[in-house]
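Here are some questions a bench biochemist might put to a structure, with brisk replies. Each reply sets a value against its cut-off.

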Amino acid sequence: MSLDSEIQTLTHDHVFLGARHDRNARRTLWVVLLTAAMMAGEIVAGIAFNSMALLADGFHMATHAGALGIAAAAYAYAKRHAHGRRYSFGTGKIGDLAGFASALVLGLVAMGIAVESFARLLDPRAVAFTEATAIAIIGLLVNIVSVLLLGGHGHGDGHDHGHGHDHPTDHGHPHEHDNNLRSAYMHVLADTLTSVLAIAALLGGRYLGWIWLDPVMGIVGAIVIASWSFALMRDTSAVLLDATDPALEDEIKQQVEGPGDARITDLHVWRVGPGAHAAIVSAIGADHETIRQRLKPVHEIEHLTIEVR
């Protein structure tokens, strides 16, 4: 084998996008269009019916449309630059960056809902129950369609196998997550929750006279949305800061040191894309090929660097 042929055989790219990347991108784009259409409808209806409630909800949906747009743009950017050399470990973490940005937006939305709800609790306002309920029901139907489009956001996402040889491959590991899709899912789920709470509050106000129920439901929704935002920020920031996975570290140590003739002296593990991790393993007592063979069952490792001392 010539040197050029050997180099070509050993060379691999760094494409660590999810196997469902294109499907998730298409579904996210459809949800962006649905959300934008509903947003425009509420704003137009608010102007036509002189309803501040509809206008407020329309602009509230605009923030979600913007966040979902970030998710769609992240899919497109990651795909376009997947084979470029600008990013040392590929663009698999672009989705986590977009997810973190979306989580911040979601947190701001929760704060805005809470502030407005407290204001209305202290200063109740007349509500056009019939019109508001009809729009809320339409919004709920749109949100349900969006949730179904983005269903299965947290499980079963594989990863791309477009890289070269000698890297273990994944076969549906349960810990795979596409945080970009998860962020989009959180936004439509938040909208669905607020629609359900709004309908309950509007019906309670119309038939029972409980005007106070509307702002109370708003506060409940804000608390739930804030908790989702915090969880998403926590998980995405861990990926962006290259936090290690203790369970995966333990599995690597067991595979390398299990036979008893090798010891790991230094170990770094971090995520480079949905379901894909990179690892740097420094060890003594075994050669490169032995360590590589022992780590083949660890399917999460997509990029492996071995240092034998």
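The questions below go from the overall fold to the sheet, the cores, the surface and the charged pairs.

Q: What kind of model is this, and how are residues numbered?
A: This is a predicted model, in which local features need pLDDT of at least 70, side-chain atom pairs count only at pLDDT 80 or more, and totals for chains, interfaces and linings use all residues. Residues are numbered from 1 along each chain as its sequence is written, and side-chain values use heavy atoms, with hydrogens and water left out.

Q: How many helices and strands are there, and what makes a run count as one?
A: The protein has nine helices and three strands. Helices (H or I, at least four residues) and strands (E, at least two) are DSSP runs, numbered from the N terminus. Along the sequence the pattern reads α-α-α-α-α-α-α-α-β-β-α-β.

Q: How do you know that S1 and S2 pair?
A: Two strands pair if DSSP finds at least two bridges between them. Nine bridges join S1 to S2, and the two run antiparallel. One facing pair is Leu267 and Val281, the latter in S2. S1 and S2 form a hairpin with two residues between them. Gly275, in the turn, has a positive phi of about 75 degrees.

Q: What joins S2 to S3?
A: Seven bridges do, and these strands run parallel. Ala279 has Leu304 of S3 as its bridge partner. Ile280 has Thr305 of S3.

Q: Why is one side of S1 and of S3 left without a neighbour in the sheet?
A: The sheet is open, has the order S1-S2-S3 and shows mixed pairing. Strand S1 (263–273) and strand S3 (301–308) stand at the edges with a single partner strand each, so one side of each has no neighbour in the sheet. The twist averages 15 degrees from one strand to the next.

Q: What makes S2 mostly covered?
A: Buried means under 20% relative accessible area, exposed over 50%, and partly exposed in between (1.4 Å probe, protein chains only). Seven of the nine residues of S2 are buried. Across the protein, buried residues make up 45% of the 309 residues.

Q: What makes a set of residues a nonpolar core, and how many residues has the largest one?
A: A nonpolar core is a set of buried Ala, Val, Leu, Ile, Met, Phe, Trp, Tyr and Cys residues joined through side-chain atoms within 4.5 Å. The largest has 17 residues. Among those with the most contacts inside it are Ile252, Ala279, Val281 and Leu304. Helix H8 (246–257), S1, S2, helix H9 (288–295) and S3 each give two or more residues to this core. A second, separate core has 13 residues, including Val31, Tyr75, Ala184 and Val188.

Q: Why can Leu121 belong to a surface patch?
A: Patches are made of residues with over 30% relative accessible area and no salt bridge; like charges are joined within 9 Å, nonpolar side chains (Val, Leu, Ile, Met, Phe, Trp, Tyr) within 5 Å. Leu121 has a relative accessible area of 34%, so it is partly exposed and passes the 30% cut-off. Leu121 lies in helix H4. Its patch also includes Phe118, Tyr207 and Trp212. The patch residues have about 740 Å² of accessible area together (Shrake-Rupley method, 1.4 Å probe). H6 gives the most to the patch, with three residues.

Q: How do you know that Lys93 and Asp242 form a salt bridge?
A: A salt bridge is a side-chain nitrogen of Lys or Arg within 4 Å of a carboxyl oxygen of Asp or Glu. The closest N and O atoms of Lys93 and Asp242 are 2.6 Å apart, so the pair qualifies. Lys93 lies in the loop between H3 and H4 and Asp242 in the loop between H7 and H8, so the pair ties together parts 149 residues apart in sequence. Asp242 is partly exposed at 39%.

Q: What is unusual about the phi of Asp242?
A: Most residues other than glycine have a negative phi. Asp242 is not a glycine, yet has a positive phi of about 60 degrees.

Q: Why is Arg182 called buried?
A: Its relative accessibility is 14%, so Arg182 counts as buried. Its salt-bridge partner Asp235 is partly exposed at 26%.

Q: What joins Arg182, Arg234 and Asp235 into one network?
A: Salt bridges that share partners do. Arg182 meets Asp235 at 2.6 Å, N to O. Arg234 and Asp235 have their closest N and O atoms 3.1 Å apart.

Conventions. Axes fitted to C-alpha atoms, helices over the stretch in contact; angles between N-to-C directions.
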